[in-house]
Amino acid sequence: GTVIVSVFSDPMVDAIVNFSSASGIPAFYISFVVTPLASNSSELVSSFIFASKKRVKNNSVVYAQIYGAVTMVRLIP
């Protein structure tokens, strides 16, 4: 895991800096707001789909997905 992170971290930083300079948005906001939303977008979309059905069973799945996403984001920096 460490090798993979070290290989992909430098290109990711370069991509964030380039996107920041092209869009005029500070790199701080992109790295702490946009990037986490993009990486968890699949969970966000599936949560919206389950929540739109408005069933009790689906709502419990939505809460479980949100709780799992928050826990994983906080435990793995």
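Which residues does serine 20 touch, not counting those up to four places away in sequence? In this predicted model, the answer is Ile25, Pro26, Ala27 and Ile30, with contact meaning heavy atoms within 4.5 Å. The model is a prediction, so to speak on paper: local features need pLDDT of at least 70, side-chain atom pairs count only at pLDDT 80 or more, and totals for chains, interfaces and linings use all residues. Residues are numbered from 1 along each chain as its sequence is written, and side-chain values use heavy atoms, with hydrogens and water left out.

Serine 20 sits in helix α1, which covers residues 2-23. Helices here are DSSP runs of H or I with at least four residues, strands are E runs of at least two, and both are numbered from the N terminus. Serine 20 counts as buried because its relative accessible area is 11%; buried means under 20%, exposed over 50%, and partly exposed in between, using a 1.4 Å probe and protein chains only. There is also a polar link to alanine 27, whose backbone nitrogen is reached by the serine 20 side chain at 3.1 Å. Such a polar contact is a pair of N or O atoms within 3.5 Å; within protein, one must be able to donate a hydrogen and the other to accept it, and residues adjacent in sequence count only if both atoms are side-chain atoms.

As for the overall picture, the protein has four helices and zero strands, giving the pattern α-α-α-α along the sequence. Of its 77 residues, 9% count as buried. About 6,300 Å² is exposed, and carbon and sulfur atoms supply 72% of that; accessible areas come from the Shrake-Rupley method with a 1.4 Å probe, and for residues only the protein chains shown count as cover.

Part of the surface is a nonpolar patch made of Phe19, Ile25, Phe28, Tyr29, Phe32, Val33, Val34 and Leu37, with about 820 Å² of accessible area together. Patches take residues with over 30% relative accessible area and no salt bridge, joining like charges within 9 Å and nonpolar side chains (Val, Leu, Ile, Met, Phe, Trp, Tyr) within 5 Å. A salt bridge, in turn, is a side-chain nitrogen of Lys or Arg within 4 Å of a carboxyl oxygen of Asp or Glu. Helix α2 (residues 27-39) gives the most to the patch, with six residues. Phenylalanine 28 belongs to α2 and is exposed, since its relative accessibility is 54%. Valine 34, also found in helix α2, is partly exposed at 41%.

Some C-alpha distances link α1 residues with later ones. Valine 17 lies in α1 and is partly exposed at 44%; its C-alpha atom is 8.9 Å from that of isoleucine 30, 13 residues apart along the chain. For valine 34 and isoleucine 16, 18 residues apart, the separation is 9.8 Å.
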